[in-house]
Amino acid sequence: DVAMYVAKTNGKGRCEVFRPSHHAAQLDRERLQADLHQALDRQQFVLHYQPIVDLASEHISGYEALLRWQHPERGLVPPVKFIALAEDSGLIVPIGRWALREATRQAAAWQTQHPGADLRVSVNVSVRQFQHPGLIEDITDALHHAGLDPRLLTLEITESLFVRDTEGTAGKLRQIRELGVRLALDDFGTGYSSLSYLRRFPIDILKIDKSFVSGVGVNAEDRAVIGAIVQLGQTLQLDLVAEGIETTTELTALQALGVQYGQGYHLGRPAATTAHEDLSDRHLERRQPGSRGRPLRP
Ligand code: C2E
Ligand code: MG
Ligand code: MG
Ligand code: MG
């Protein structure tokens with residue numbers, strides 16, 4: 001089927017003209033794909049952790065685990081460069097299993113280091129990983145190995161999951177929920193948003209996409225959108241996390257709108273755990289008045 005072939009080749013059904021630069025890019029992708037196959041065995045993956053902050057108290061409530069690939073020649077490769085490749089090849093399943101193990105182990109270590117702080121950990125789960133039949137077992141195995149309270153684990157999914165197979169999806173989400181694990185809808189507002197999904201699927205948390213957060217200090221429309229999401233959250237009893245907070249202006253506006261949690265470079269960048277061990281010690285306590293707006297960094 002020619003139409004299928006074209007669509008598969010370039011994803012958009014456009015005609016592509018062969019150019020040497022395309023060839024080079026293709027070779028580069030193939031090399032990266034080959035390296036990716038060995039990356040897990042060679043222990044080249046690492047999780048960085050970004051704080052999720054209670055905006056009212058400015059306490060850290062937990063961290064999102066963000067995957068990086070420590071490539072021997074390319075250095076630290078961000079997920080945008082390899083997650084799609086890992087999805088295409090199916091490697092995302094074992095990589096995601098590793099991320100679940102590692103993040104739950106880390107969260108259990110925080111429990112030991114800061115008893116009573118109940119720091120949560122969030123792990124991103126992509127579509128292919130979610131659809132894999134072993135997902136529930138991977139989650140329960142990770143929790144069991146780490147000895148982590150399931151309530152301290154959140155899985156972040158995206159709206160792209162809701163496009164097809166809604167019955168199977170809803171069932172699996174319910175199974176995850178029954179374990180005590182919480183579910184967050186990532187990048188809320190950017191995808192196939194239909195508010196009916198929020199009734200149909202058992203979601204606990206909405207992560208408001210950065211694209212709405214960026215304008216919130218200066219743009220009345222963005223403020224109105226976030227105000228509406230705050231009301232929605234109250235009505236449906238969903239926790240809200242604002243993503244990508246980069247400035248004091250954004251932080252102040254979100255606090256005024258009553259958004260409960262936030263995440264962003266202004267509050268703390270993703271970092272390897274060693275950097276955060278200090279940070280947690282210092283900032284688990286209420287911060288001094290007047291320190292608002294200063295980055296939560298050592
Ligand atoms: P995401 O889950 O929406 O994660 C938030 C992304 O925004 C992260 O990018 C984070 O570093 C970045 N970010 C945080 N604060 C700010 C800010 O103030 N400004 C800006 N401009 N960016 C900010 P990162 O780490 O490059 O991850 C990109 C995406 O890759 C994630 O988006 C997630 O969809 C995916 N990803 C990351 N780790 C994993 C993983 O372990 N498994 C899977 N399946 N996907 C992952
Ligand atoms: Mg996320
Ligand atoms: Mg996001
Ligand atoms: Mg994103």
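This is a tour of a predicted model, stop by stop, with what to select at each one.

**Stop 1: the magnesium ion**

Select ligand 2, a magnesium ion. Which residues coordinate the magnesium ion (ligand 2)? Show the side chains of Glu64, Asn124, Glu156 and Asp186. Glu64 and Glu156 each use OE, Asn124 uses OD1, and Asp186 uses OD. The distances run from 2.0 to 2.3 Å.

Now look at the donors along the sequence. Their spacing reads E-x59-N-x31-E-x29-D. Take Asn124 and Asp186 as one pair from this set. Asn124 sits in strand E4 (residues 120–124), and Asp186 sits in strand E6 (residues 182–188). They are 62 residues apart, so this pair links distant parts of the chain.

Is Asp186 buried or exposed? Asp186 is buried, with a relative accessible area of 7%, because buried means under 20%. Asn124 counts as partly exposed, at 30% relative accessibility.

**Stop 2: a second magnesium ion**

Keep Asp186 selected and add ligand 3. This is also a magnesium ion, and Asp186 bridges it and the magnesium ion (ligand 2). How far apart do the two ions lie? The distance between them is 4.1 Å.

**Stop 3: a salt bridge beside the metal**

Go back to Glu156, one of the donors to ligand 2. Add Lys207. The two side chains form a salt bridge, with the closest N and O atoms 2.7 Å apart. Glu156 belongs to strand E5 (residues 153–157), while Lys207 belongs to strand E7 (residues 205–208). The partners are 51 residues apart in sequence, so the salt bridge ties together separate parts of the chain. Both Glu156 and Lys207 are buried.

Add Glu64 to the selection. Glu64, Glu156 and Lys207 are linked in a network of salt bridges. Glu64 is also a donor to the magnesium ion (ligand 2).

**Stop 4: strands E5 and E6**

Switch to a cartoon view. Select E5 and E6. They run parallel, and 4 bridges join them. To find one partner pair, pick Leu155, whose bridge partner in E6 is Leu183. How many of the residues of E6 are buried? The count is 6 of 7, so E6 is mostly covered.

**Stop 5: the largest pocket**

Show the surface and find the largest pocket. Its volume is about 930 Å³. There are 37 lining residues, and the closest to the centre are Glu64, Leu66, Asn124, Asp186 and Asp187. You have met some of these already: Glu64, Asn124 and Asp186 are donors to the magnesium ion (ligand 2).

Which element gives the largest share of the lining? That is E2, with 5 residues. Other elements that supply at least two residues each include strand E1 (45–54), helix H3 (83–89), helix H4 (92–113) and helix H5 (127–131). Color the lining by class. You should find 16 nonpolar, 11 polar and 10 charged residues.

**Stop 6: the largest cavity**

Next, look inside the protein. There is 1 cavity of 30 Å³ or more. About 160 Å³ of space lies in it. To find its centre, select Ile52, Arg120, Arg182, Ile205 and Val241, which lie nearest among the 16 lining residues. Strands contribute here: E2, E4, E5, E6, E7 and strand E8 (239–242) each supply at least two lining residues. By class, the lining has 7 nonpolar, 4 polar and 5 charged residues.

**Stop 7: two more salt bridges**

The model has 9 salt bridges. Two more are worth a stop.

Select Asp204 and Arg177. Their side chains meet in a salt bridge, 2.8 Å from N to O. Asp204 lies in the loop between helix H8 (196–200) and E7, and Arg177 lies in helix H7 (residues 166–178). The two are 27 residues apart. Asp204 counts as buried at 15% relative accessibility, whereas Arg177, at 33%, counts as partly exposed.

Finish with Asp28 and Arg74. This salt bridge is 3.3 Å from N to O. Asp28 is in helix H2 (residues 20–39). Arg74 is in the loop between strand E2 (60–71) and strand E3 (75–77). The pair spans 46 residues of sequence. Are these residues buried or partly exposed? Asp28 is partly exposed at 30% relative accessibility, and Arg74 is partly exposed at 36%.

Notes
Residues numbered from 1 in each chain as written. Chains lettered and ligands numbered in written order. Predicted model: local features only at pLDDT ≥ 70, side-chain atom pairs only at ≥ 80, totals over all residues. Heavy atoms only, no water. Salt bridge = Lys/Arg side-chain N within 4 Å of Asp/Glu carboxyl O. Buried < 20%, exposed > 50% of the residue type's maximum accessible area, 1.4 Å probe, protein only. Donors = N, O, S within 2.8 Å, 3.2 Å for Na, K, Ca; no water. 1 Å grid on protein atoms, 1.4 Å probe; cavity = no way out; pocket = protein on both sides within 12 Å on 5 of 7 lines; lining within 4 Å. Points joined across faces, edges and corners; volume = space filled by probe spheres on them. Nonpolar A, V, L, I, M, F, W, Y, C, P; charged D, E, K, R; others polar. Pairing = 2+ DSSP bridges.
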